Amino acid sequence: MVPQTKTICLQSKRIIVVISLSLYVIVAILGLLHQVNLPRLKPLFKSNVRLTAGLYRSFAPLAELEWGDMSNNNNNNTLVSTHEPECSPKQKIVFIKTHKTASTTTASIFERYGYYRNLTFVTGKSHVLSFPGKFNRKDVLSFPKMKKKTFDILANHARYDRKEMSLLIPNAVYVTILRKPEDQLESAFGYFEMYKTINKLEGETHLEAYMKDPKKYWKKFKMWQLSRNGQLFDLGFEHEFDEDDVKLEGAIQDLDEELDLVLIREYYDESLILLRKLLCWDYEDILYISAGVRSSSHRFQKSDELIAKIKKWNHGDVLLYDHFNRTFWKKVDAYGKDFQRDLKFFRQLNQEAFDQCIDSYRLDREDRREDKFVLKNNTERCTRILRADIGYTKLIRTYMKKKYG
């Protein structure tokens, strides 16, 4: 019975395509009968194709579905499938960016989704709304034609302030992303070139020199706020309480109650599967290509001893990460038995997009700190997927000013 059920799903996909093409033929015939130029009917055809693609993506996972047994105990021939319940896409979203956690790649997913659906964005003069201060409404550009309406999406860098953010986007879904503290600190230390003010001994790295006596150098270099518990800082925690476990635990518990989903950098694809379900989005909506890979010149090797020192210095971020890593896997378990199937399907789609779009033999090294991928073709789909946060922010700001300024 199982092969027959899979055949039914494949046949269903073929039927959808046939119906789509039939509709186009009918429209074309009507156009000829009424002496309408066929090119004018292209929008109808494109819409029809998009519908077909969406339906195909919805049916595609079913071809690999682990179907349940047909119940013969009571002569009930109902097929046990795993269809997702009906839902409506969520479009009120606050994404709290944390530094050096794949947050730029993630922000571009939200920005791509909103920009091409004409949603409204909280935006400022740059892709950084507020840092090092917490987010405030005054950081946002004025849009008179909004007529005091609320916005749809906030995805630029902004230190977390729930009250201020809720005033601009009430009833939003709140999402952020975390990374292992030892890796996040090393990444921030290298990317923001904090090492430039540190004197090191022969045979040691700048990061090792910093971690020998971090308080000696702390607050003396650019973006120093990220050199200790930087993820907690992005989420609104103040450094004066870095060594107060009661305050730390209280802040983490507050975040647990306030945030709808915390993505984990080390399990990025798994995180996006949870995000897709939470937001009721399509697989196409969560496709991504990494915004960039840090260059080798800005990386530091970490011994076990160095990792231990970093985790001690970043005690707050360790507590934060460990807490949400535990809740993350609880959400995976709650997702159900289809999680691995959906993850496999998404990874196949994402790899296909990468292979279609990216030139594997070229890298953009204009920024000495990171290597960026280069398109091998300029199709609209590929351009949309690769475009990063700063690129989308410019498009969004122009759109918002033109429509609401």
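Trainee: Leaving aside its neighbours within four places in sequence, which residues is L154 in contact with?
Mentor: Bear in mind that this is a predicted model: local features need pLDDT of at least 70, side-chain atom pairs count only at pLDDT 80 or more, and totals for chains, interfaces and linings use all residues. Residues are numbered from 1 along each chain as its sequence is written, and side-chain values use heavy atoms, with hydrogens and water left out. With contact taken as heavy atoms within 4.5 Å, the partners of L154 are I93, V94, F95, V122, L129, F135, M165 and I169.

Trainee: Which element gives the most to the largest nonpolar core?
Mentor: A nonpolar core is a set of buried Ala, Val, Leu, Ile, Met, Phe, Trp, Tyr and Cys residues joined through side-chain atoms within 4.5 Å. The largest one here has 79 residues, and L154 is among those with the most contacts inside it, along with F110, V122, F135 and F151. Helices (H or I, at least four residues) and strands (E, at least two) are DSSP runs, numbered from the N terminus. With 7 residues, the top contributor to this core is α13.

Trainee: How many residues are in the other core, the one with M194?
Mentor: That core lies apart from the largest one. F221, F300 and L306 also belong to it, and its total is 21 residues.

Trainee: Is L320 buried or exposed?
Mentor: L320 sits in helix α12, residues 315–335. Not counting residues up to four places away in sequence, it touches L178, Q231, L232, L235, I252 and L255. Buried means under 20% relative accessible area, exposed over 50%, partly exposed in between (1.4 Å probe, protein chains only). At 1%, L320 is buried.

Trainee: Which strands stand at the edges of the open sheet?
Mentor: Two strands pair if DSSP finds at least two bridges between them. The 3 strands run in the order β7-β9-β8, with antiparallel pairing. Two of them have a single partner strand each, so one side of each is left without a neighbour in the sheet: β7 (293–294) and β8 (358–364).

Trainee: In β9, which residue is the bridge partner of L363?
Mentor: β8 and β9 (residues 370–375) run antiparallel and are joined by 3 bridges. In β9, the partner of L363 is F373.

Trainee: Which strands does helix α13 touch as it packs on the sheet?
Mentor: Helix α13 covers residues 339–357, and its direction makes about 65° with that of β8. The strands it touches are β8 and β9.

Terms used
Axes fitted to C-alpha atoms, helices over the stretch in contact; angles between N-to-C directions.
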